[in-house]
Each structure stands twice: as C-alpha cells, then as structure tokens.
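Dear colleague,

I am passing on a structure for you to look through at your own pace. Please keep it open beside this message while you read.

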Amino acid sequence: AQVTKDQSYVQFMIDSGLLEPENAATSPFRSVILQALGQTPKVQVAIGRLELRQKDCLVLCSDGLTNHVTPDEIREIILIAPTLDEACNALVKLALAKGGDDNITVIVAGISGELPAQIEGERISETLQVVQAWKAESKSL
C-alpha cells in the first residue's frame, strides 16, 4: 500500500484498517510528517487536480486549530459566517475556547468564477484526480 497525496498518514492508517476513525484525534501518529522541505536533497512531489464547485472554500490551517475543532465544526462555522474574515476569527476563538494553547493559524479562501454547481452528496474524493502519487519509502515510515 502507498500513502497518496490526498492522505495524511493517519488517514492512510484508517483506510488500511490499522486505526479506528474515532481514535485518530488521539493517535500518536496524528502529527507524523511524511516529508519536509530542506531535510534531504531530494523531495518527491505529489500532484493532484481538484475540480472545484461554486461556493467552495479552501481552508489552510495549523494543528492548533484541528487539534481542538472538528472538521464538522469547521464546516459549520464557514457556512454560517457572514464573511471569510469572520469565519477565521470564529474558528480561532472556538479553538481557544476548547483549550487551544498552541499557534492557531487559519486561512479561508473563497472560490469564485465560472464553476460547476455543487452536487448534493458529492464527496471531495470524487472530484480529485491524483496526477502523481507520493510513494512512501519503507525507511521513511
């Protein structure tokens, strides 16, 4: 098996049946970094193509957010916030309220333009095409 670009190591373990989803948040592997720039002369790049939909948002955040706020809470806050700035502020406040004491970094980018309409029940994995997968070397895991 290989870890693909769209998977974290924890997600790979869940998909492989090695870890139950409900244990992911407390797994010692939740912060495993599979590759880091500057650590070796050779960096293997994973490339994917994601087909975006109308009203999609991209969230880039540190684990200071995701250690305390669930993906469903993140989604709900973004959906109800009047602006993207207010969504970022609300996410940071929620992480702090739930015990966040680490660096909490959040960027929410809204997508606009001529895009296909959202499809009810469509999952992100259905709109992702892996162009070049990242293949884990046994010694790196």
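Below are some notes on one helix and then on one loop residue.

This is a predicted model, in which local features need pLDDT of at least 70 and side-chain atom pairs count only at pLDDT 80 or more, while totals for chains, interfaces and linings use all residues. Residues are numbered from 1 along each chain as its sequence is written, and side-chain values use heavy atoms, with hydrogens and water left out.

Helix α4 covers residues 84-97 (helices are DSSP runs of H or I with at least four residues, strands are runs of E with at least two, and both are numbered from the N terminus). Its 14 residues should span 20 Å at 1.5 Å a residue (1.5 Å times one less than the number of residues), and the end C-alpha atoms are indeed 20 Å apart.

Within α4, A87, C88, L91 and A95 are buried, where buried means under 20% relative accessible area, exposed over 50% and partly exposed in between, with a 1.4 Å probe and protein chains only. Seen down the axis of α4, these buried residues fall within an arc of 100° (taken from the directions from the axis to the C-beta atoms), so they line one face of the helix. They pack against α2 (63-66), α3 (71-80) and β3 (106-110), whereas the face turned away from the buried side carries the exposed residues D85, K93 and A97. Just after α4, G99 takes a positive phi of about 105°.

K55 sits in the loop between β1 (47-50) and β2 (57-61), and K55 counts as exposed because its relative accessibility is 70%. Leaving aside neighbours within four places in sequence, K55 is in contact (heavy atoms within 4.5 Å) with I111 and Q118.

With best wishes
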